[in-house]
Amino acid sequence: MTIELRNRDELGPIIDEKITALVREMVDANWSAEDVAFSIEDVLRRKWLNQADALRRARTALPDDFVSDGNEG
């Protein structure tokens, strides 16, 4: 199992617990669970998933023996 997959396996339950607590808090504040879930999805897509996907693609595009000198940009 790769480190990336292992990290996701370990993080999944933690993230689930945090999202569950957030949804419960928002439902207690009279928001619908559906509205909260779709808002979470929107924020993830807009602010996190696109960036994470771009970083993953960039990492896979680099050769395995690439060594950064800090002046790539």
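Two salt bridges are present in the structure, which is a predicted model. Both can be found by following helix H2, and it is convenient to take them in sequence order. In one of them, the side chains of Glu41 and Arg45 come together, with 3.0 Å from N to O. These partners belong to helix H2 and sit 4 residues apart, which is about one turn of the helix. Neither side of this pair is hidden from the surroundings: Arg45 is partly exposed because its relative accessibility is 46%, and Glu41 is partly exposed because its relative accessible area is 31%.

The other salt bridge joins the side chains of Asp53 and Arg57, at 2.5 Å from N to O. Here again both residues lie in helix H2 with a spacing of 4 residues, about one turn of the helix. With a relative accessible area of 49%, Arg57 falls below the 50% that an exposed residue must exceed, so Arg57 is classed as partly exposed. Asp53, at 33%, is likewise partly exposed.

Attention now turns to the space around the helices. The largest pocket encloses about 570 Å³. Its lining is made up of 14 residues, and those closest to the centre are Arg8, Leu11, Leu49, Ala52 and Arg56. Helix H1, which spans residues 3-28, and helix H2, which spans residues 33-61, each contribute at least two residues to this lining. The biggest share comes from H2, which provides 8 residues. In chemical terms, the lining of the largest pocket combines 8 nonpolar residues with 5 charged ones and 1 polar one.

Leu11, already met close to the centre of the largest pocket, also takes part in a nonpolar patch on the surface. The other members of this patch are Ile14, Ile15 and Ile19, and the four residues together have about 330 Å² of accessible area. Ile15 may serve as an example from this group, and its place is in helix H1. Its relative accessible area is 43%, and therefore Ile15 is partly exposed. Patch members need over 30% relative accessible area, a cut-off that the 43% of Ile15 satisfies.

Between the two helices, the backbone offers a detail worth a look in the viewer. Asn30 is found in the loop between H1 and H2. Although Asn30 is not a glycine, its phi is positive, at about 75 degrees. This residue is exposed, because its relative accessibility reaches 74%.

Beyond helix H2, the chain continues into a further segment, and Asp69 lies there. Asp69 counts as exposed because its relative accessibility is 57%. A useful sense of scale comes from pairing Asp69 with Lys18: the two are 51 residues apart in sequence, and their C-alpha atoms are 38 Å apart in space.

Notes
Residues are numbered from 1 along each chain as its sequence is written. This is a predicted model: local features need pLDDT of at least 70, side-chain atom pairs count only at pLDDT 80 or more; totals for chains, interfaces and linings use all residues. Side-chain values use heavy atoms; hydrogens and water are left out. On a 1 Å grid over the protein atoms alone, a cavity is a set of points where a 1.4 Å probe fits but cannot get out, and a pocket is an open set with protein on both sides within 12 Å along at least five of seven lines; lining residues have an atom within 4 Å of a point. Grid points are joined across faces, edges and corners, and a volume is the space filled by probe spheres set on the points. Ala, Val, Leu, Ile, Met, Phe, Trp, Tyr, Cys and Pro count as nonpolar, Asp, Glu, Lys and Arg as charged, and the others, Gly among them, as polar. Patches are made of residues with over 30% relative accessible area and no salt bridge: like charges are joined within 9 Å, nonpolar side chains (Val, Leu, Ile, Met, Phe, Trp, Tyr) within 5 Å. Accessible areas come from the Shrake-Rupley method with a 1.4 Å probe; for residues, only the protein chains shown count as cover. Buried means under 20% relative accessible area, exposed over 50%, partly exposed in between (1.4 Å probe, protein chains only).
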